[in-house]
Amino acid sequence: MNAIQRTIFATIIGVALAPFTFGCGESADAPAPPKPAERAPAPPPAKPPAPPAPAKGPDTASDQNAAVEADAKAGNADYQVFCASCHGETGEGDGPVAQALDPKPARHSDGAYMNRLTDDYLFKVIKFGGASVGKSAMMAPLGGSLSDQQIRNVIAFIRTLADPPYQP
Ligand code: HEC
């Protein structure tokens with residue numbers, strides 16, 4: 001009888017404690033929700049460029065290869081919207097706004113310079129701006145306009161511009 005009672009008690013205690021376990025988990029995550037709410041305003045403008053995404057559908061034949069190619073392609077699209085005005089359509093640093101800037105926008109086609117920069121560093125510069133790495137604040141933080149995935153796509157595209165070619 002004792003053994004059965006213990007089993008019953010153990011079950012009851014287990015069930016009784018479960019809500020607390022989940023409760024703690026939820027309260028720990030609680031601080032997170034506000035962030036999505038704050039970011040909410042940003043995504044809407046980002047959605048218009050999203051339409052190209054459906055185009056990925058047909059490419060899903062070979063998942064991995066398509067994904068790798070799509071990244072640089074998607075990055076190209078965002079690059080033309082968010083970077084080309086300063087850095088130029090092909091990363092020559094000759095966008096229409098470049099003339100007014102000092103220092104000049106980096107030449108992303110300059111492999112000798114760009115290939116030395118790591119993906120992590122580029123990610124930081126693009127997301128948090130030039131000032132975050134001691135560079136000109138004219139290199140604006142674009143984390144409000146581009147998602148982390150979009151930034152990675154843009155980096156993948158930048159890598160295709162380098163001459164001499166970038167070798168991971
Ligand atoms: C308003 C103009 C402007 C726009 C838009 C802009 N940049 Fe820049 N960017 C600059 C300037 C100016 C520099 C040079 C900063 C310096 O040398 O201090 C720079 C530098 C850089 C660098 C080199 C950092 C280094 O360490 O030399 C990278 C990488 C870069 N930009 C990426 C981007 C990407 C990617 C985008 C688009 C998502 C973008 N930039 C949009 C102006 C701009």
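Modeller: Ala, Val, Leu, Ile, Met, Phe, Trp, Tyr, Cys and Pro count here as nonpolar, Asp, Glu, Lys and Arg as charged, and the others, Gly among them, as polar. This is a predicted model, where local features need pLDDT of at least 70 and side-chain atom pairs 80 or more, while totals for chains, interfaces and linings use all residues. Residues are numbered from 1 along each chain as its sequence is written.

Biologist: Thanks! How many residues of the shell around the ligand are nonpolar?

Modeller: The shell holds 21 residues, each with its C-beta atom, placed from the backbone, within 6 Å of the ligand. Cys-83, Cys-86, Lys-135, Ser-136 and Met-139 come nearest. By class, one residue of the shell is charged, four are polar and the nonpolar ones number 16.

Biologist: Which helices each supply at least two residues of that shell?

Modeller: The chain has zero strands and nine helices, where a helix is a DSSP run of H or I with at least four residues and a strand a run of E with at least two, numbered from the N terminus. Those supplying at least two shell residues each are H6 (84-87) and H8 (119-128).

Biologist: And how does H8 lie relative to H9?

Modeller: H8 and H9 (residues 148-161) have their axes, fitted to C-alpha atoms over the stretch in contact, 10 Å apart. The angle between their N-to-C directions, on a scale from 0 to 180 degrees, is about 120 degrees. Angles under 35 degrees count as roughly parallel, over 145 as roughly antiparallel and 65 to 115 as roughly perpendicular, so H8 to H9 is oblique.
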